[in-house]
Amino acid sequence: LSSCNDRLHRIMSGKASDLPSTKRELDEMFHSMADDTHFQVDELEVLCDMFKMLMTKSGVSKGTITRVAFRDLLTTSFKMSDDAMMDRIVLAFAAESDLDYRIGFREFIYGMSVFLRGTLTEQIDFCFNVYDCMKRDGYITREEMHQLLSPCIVNSPSDEDTAEAITELIDLLLKKMGDAKDHRIGKESFRAAVEADRLLLQVFGPCLPDKKYADTFITQNTLDIYRKRY
């Protein structure tokens with residue numbers, strides 16, 4: 001299986017037209033995707049039904065899942081609640097060249113493959129892309145770390161104490177994972193650190209689902225939930 005990035009680079013740029021219009025084309029796509037994701041054909045059929053429920057039916061975003069709908073999915077099925085992190089996850093699902101909040105069918109499938117069942121290598125790429133989703137320059141800078149870690153720090157008696165705690169944590173992470181002189185962490189440094197200590201995978205905030213939610217996502221029950229909502 002190729003990496004998350006390799007898959008996303010294969011995604012068509014015309015998002016609104018990447019869901020086949022005929023059953024034969026769709027079946028062919030499912031069998032191709034089954035070879036190249038962590039899903040079986042019957043699971044891809046369930047995900048396709050889910051995509052059709054969530055996607056916008058008209059207008060400029062027709063044929064895609066919008067930011068609002070995908071955030072609803074993250075909240076409903078995976079119990080996520082951090083607004084900023086959910087926005088980052090939406091962008092990480094989108095093709096790298098897009099920098100928008102619309103998710104096409106292929107992006108949804110390949111993204112979910114990693115999100116739900118990715119290998120460690122794939123999850124490292126995904127988490128780094130979430131943390132680097134705004135600039136997409138291949139680095140997590142001190143400024144980005146501050147934005148990511150601020151919601152994770154329990155407020156101290158004063159704003160000054162909170163700021164100091166965040167600064168100390170960033171300094172520690174830079175020494176452990178990156179380049180303290182350049183004040184940033186590159187992808188390969190992030191990868192090496194996580195491979196040495198898997199607990200660092202989501203060190204800048206949770207962006208992968210709990211296993212109990214991931215394992216029960218592709219079910220008829222989930223389809224029923226969204227059928228009622230959409």
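# A walk through the chain

Leu74 touches Lys79, Met80, Met86, Ile89 and Phe115, leaving out residues up to four places away in sequence. This leucine is a good starting point for reading the structure, which is a predicted model. Leu74 sits in helix α4, made of residues 67-78. With a relative accessible area of 0%, Leu74 is buried. Leu74 and Val90 are 16 residues apart in sequence, and their C-alpha atoms are 9.5 Å apart in space.

Two of the partners of Leu74 lead into the interior. Both Ile89 and Phe115 touch Leu74, and both belong to the group of residues that touch the most other members of the largest nonpolar core. That core has 67 residues, and the group also includes Phe70, Leu73, Phe108, Met112 and Phe190. In soluble globular proteins, nonpolar side chains tend to be buried together.

Phe108 shows what such a position looks like in detail. Leaving aside neighbours within four places in sequence, Phe108 is in contact with Leu47, Met50, Phe51, Ile65, Phe70, Leu73, Phe93 and Ile103. Among these contacts, Phe70 and Leu73 are themselves in the group that touches the most other core members.

Another partner of Leu74 leads elsewhere. Lys79 touches Leu74, yet Lys79 counts as exposed, at 51% relative accessibility. The cut-off matters here: Lys79 is called exposed because its 51% is over the limit of 50%. Lys79 lies in the loop between α4 and α5, the latter spanning residues 83-93. Its backbone is also worth a look: phi of Lys79 is near 55°, a positive value in a residue other than glycine. Most residues other than glycine have a negative phi.

Arg136 offers a second case of this kind. Its phi is positive, at about 50°, although Arg136 is not a glycine. Arg136 is found in the loop between α7 and β1, where β1 covers residues 139-141. At 25% relative accessibility, Arg136 counts as partly exposed.

The helix before that loop, α7, runs over residues 120-131. From its first C-alpha to its last, α7 reaches 16 Å, close to the 16 Å expected at 1.5 Å a residue for its 12 residues. How many of the residues of α7 are buried? The count is 10 of 12, and the helix is mostly covered. The buried residues include nonpolar ones such as Ile124, Phe126, Phe128 and Val130, but Glu122, Gln123, Asp125 and Asn129 are buried as well.

Next come the cysteines. The structure holds 0 disulfides. Cys133 is in no disulfide, and the nearest cysteine sulfur, that of Cys207, is 9.9 Å away. A disulfide is a covalent bond between the sulfur atoms of two cysteines. Cys133 is buried, with a relative accessible area of 1%. Cys48 is also buried, at 2% relative accessibility.

Finally, the chain as a whole. There are 12 helices and 2 strands, and along the sequence they follow the pattern α-α-α-α-α-α-α-β-α-α-β-α-α-α. Of the 230 residues, 49% count as buried. The chain exposes about 11,500 Å², of which carbon and sulfur atoms supply 50%. Among contacts with a separation of 6 or more, 69% join residues 24 or more positions apart.

Technical notes:
Residues numbered from 1 in each chain as written. Predicted model: local features only at pLDDT ≥ 70, side-chain atom pairs only at ≥ 80, totals over all residues. Heavy atoms only, no water. Core = buried A, V, L, I, M, F, W, Y, C linked by side-chain atoms within 4.5 Å. Buried < 20%, exposed > 50% of the residue type's maximum accessible area, 1.4 Å probe, protein only. Contact = heavy atoms within 4.5 Å. Helix = DSSP H or I, 4+ residues; strand = E, 2+ residues; numbered from the N terminus. Areas by Shrake-Rupley, 256 points an atom, 1.4 Å probe, with all protein chains shown as cover. Expected span 1.5 Å × (residues − 1). Disulfide = S-S within 2.5 Å.
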